[in-house]
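Work through these short exercises with the structure in view. Try each task before you read its solution.

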Amino acid sequence: MKMKRFGAALLAGAMMMTGLAGCGSSDNGSAPSTSKNKVSLWATGSDNVREVYEALIEDFNKNSEYAGKYEVELNFMLNGTGTQTLTDMLAAASKAGQTDTDYDLVDLGGDDLSKVVSQIGEEAFVKLDDSKIPNAEGVEAESSVAADYVQPYRGTTVVLAYDSEKVANPPKTWDELVDWMKANPGRFAYNTPGTGGAGDSFARTSVYNFMDEEAITSDDAKWEEKWDDGFKYLADLHQYMYTSGGSIVYPNKNQGTLDLLNQGEIDMCPNWADMVLSQRAEGTLKDTIKITQLDPALTGSFQSLAIPTFGSNEEGAYAFINYMMSESAQEIMVKQMAAIPLIDTSKIDMTGFEDVENLDVSSFRIMSIGDLSTDFNERWDNEIGTLG
């Protein structure tokens with residue numbers, strides 16, 4: 001698969017703090033690593049992200065060309081817990097003028113990148129030297145936010161997941177999806193926006209389909225005035241959503257809808273491609289669960305790595321970024337979490353993950369609305385979540 005340039009901004013999702021795995025830092029991340037060969041990596045996400053990072057770090061520390069020269073330590077913050085986000089912590093450290101901290105390398109995704117850049121500027125990160133990331137040569141994925149300061153390393157996208165035993169011909173357009181919902185009331189669900197990116201994507205795409213294309217990558221408050229048609233659309237769809245105990249229910253988190261699909265309670269839902277395909281490969285999801293994409297597409301994104309200027313091991317951070325663009329690391333991400341690789345897939349064993357290979361990142365629809373996501377979720381809660 002040849003990679004084509006695609007603009008990216010990152011989907012919303014609150015990233016909250018939990019216990020830090022392998023953390024050798026103070027509570028605010030201000031203490032530097034104890035040795036210059038140590039590289040402190042900060043990441044946030046779901047538990048599957050933690051697991052793949054643990055596998056990647058073990059491979060880097062023991063098997064890569066950098067083994068013995070650098071040792072990466074993971075500081076992981078689990079989604080949905082705690083009161084402080086990684087973006088909050090980075091912004092606080094920068095605004096306090098801290099230097100030589102253990103924020104050597106940070107993983108930013110969703111709206112986090114645009115939020116932190118809006119708070120402290122892209123100059124709070126090292127402008128990347130391409131000569132120090134030779135494995136990224138030929139990779140054309142490029143962020144539309146701080147493009148010179150971040151390195152995308154994997155992609156993902158929200159798709160429609162469906163049970164092929166129940167749905168022989170899945171919808172290809174939004175109009176076809178609505179027709180299917182009307183013919184099959186109660187058999188579709190999306191998770192509450194704010195609890196997972198798949199529900200965010202479905203609700204936001206539904207609304208922004210009624211708006212100018214430029215709005216999809218803008219955090220200008222003027223666009224809130226254009227939400228009315230889309231929210232009316234979501235309100236009209238409400239009656240066809242999943243019902244439990246006689247009431248319409250919006251599940252909690254991405255996993256909530258996927259569990260309903262796997263249990264046969266629904267026949268279709270939006271979900272992350274990597275989540276569906278990795279769980280199907282593990283055998284925890286029925287092999288009859290398939291994926292498809294709508295036109296216009298649900299939103300996609302990729303994760304990126306950045307080096308804060310206030311870290312303490314820039315060269316070690318570069319080493320890990322270069323490793324993440326290697327064939328070895330890209331294949332680990334494919335095999336363990338069904339991530340969409342950003343290097344030529346002919347260099348990777350994609351056996352069993354052909355669905356990933358068929359996802360064309362050049363057609364991803366990227367959304368970044370920054371802090372508007374908070375207002376969006378509040379309006380959804382007040383207007384859709386209370387319909388009963």
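Two strands count as paired if DSSP finds at least two bridges between them. Keep in mind that the model is predicted.

**Exercise 1. Find the strands that pair with S6, and name a residue pair for each.**

Step 1. Locate strand S6, residues 150-163.

Step 2. Start with strand S11 (residues 299-306). It is joined to S6 by 7 bridges, and the two run antiparallel. Thr157 has Gly300 as its bridge partner in S11.

Step 3. Go on to strand S9 (residues 268-272). S6 and S9 pair over 5 bridges, in the antiparallel sense. Here Val159 has Asn271 as its bridge partner.

Step 4. Look at strand S10 (residues 289-292). It runs antiparallel to S6, with 4 bridges between them. Leu160 stands opposite Thr292.

Step 5. Check how covered S6 is. 14 of its 14 residues are buried.

**Exercise 2. Describe the salt bridge between Asp163 and Lys286.**

Step 1. Take the distance. The closest N and O atoms are 3.1 Å apart. The cut-off for a salt bridge is 4 Å, so the pair qualifies.

Step 2. Place both residues. Asp163 is in strand S6, and Lys286 is in the loop between helix H8 (273-282) and S10. They are 123 residues apart, so the pair links distant parts of the chain.

Step 3. Is each partner buried, partly exposed or exposed? Asp163 has 0% relative accessibility, so Asp163 counts as buried. Lys286 has 30%, so Lys286 counts as partly exposed.

**Exercise 3. Trace the salt bridges of Arg50.**

Step 1. Arg50 meets Asp47 in a salt bridge of 2.7 Å, N to O. The two are 3 residues apart in helix H1 (residues 47-63), which means about one helical turn separates them.

Step 2. Arg50 also meets Glu54, at 2.8 Å, N to O. These two are 4 residues apart in H1, again about one helical turn.

Step 3. Add the accessibility. Asp47, at 35%, is partly exposed. Glu54, at 37%, is partly exposed too.

Step 4. Widen the view. Asp47, Arg50, Glu51 and Glu54 form a network of salt bridges. The count for the model comes to 17 salt bridges.

**Exercise 4. Explore the largest nonpolar core.**

Step 1. This core has 104 residues. Among the members that touch the most others are Tyr53, Phe188 and Phe320.

Step 2. Which helix gives the most to this core? Helix H9 (residues 314-324) does, with 7 residues.

Step 3. Follow Phe320. Its contacts include Leu41, Tyr53 and Ile57.

Step 4. Now find the second, separate core. It has 22 residues, including Trp42 and Leu108.

Note on methods: Residues are numbered from 1 along each chain as its sequence is written. This is a predicted model: local features need pLDDT of at least 70, side-chain atom pairs count only at pLDDT 80 or more; totals for chains, interfaces and linings use all residues. Side-chain values use heavy atoms; hydrogens and water are left out. A nonpolar core is a set of buried Ala, Val, Leu, Ile, Met, Phe, Trp, Tyr and Cys residues joined through side-chain atoms within 4.5 Å. Buried means under 20% relative accessible area, exposed over 50%, partly exposed in between (1.4 Å probe, protein chains only). Contact means heavy atoms within 4.5 Å. A salt bridge is a side-chain nitrogen of Lys or Arg within 4 Å of a carboxyl oxygen of Asp or Glu. Lists of a residue's contacts leave out its neighbours within four places in sequence.
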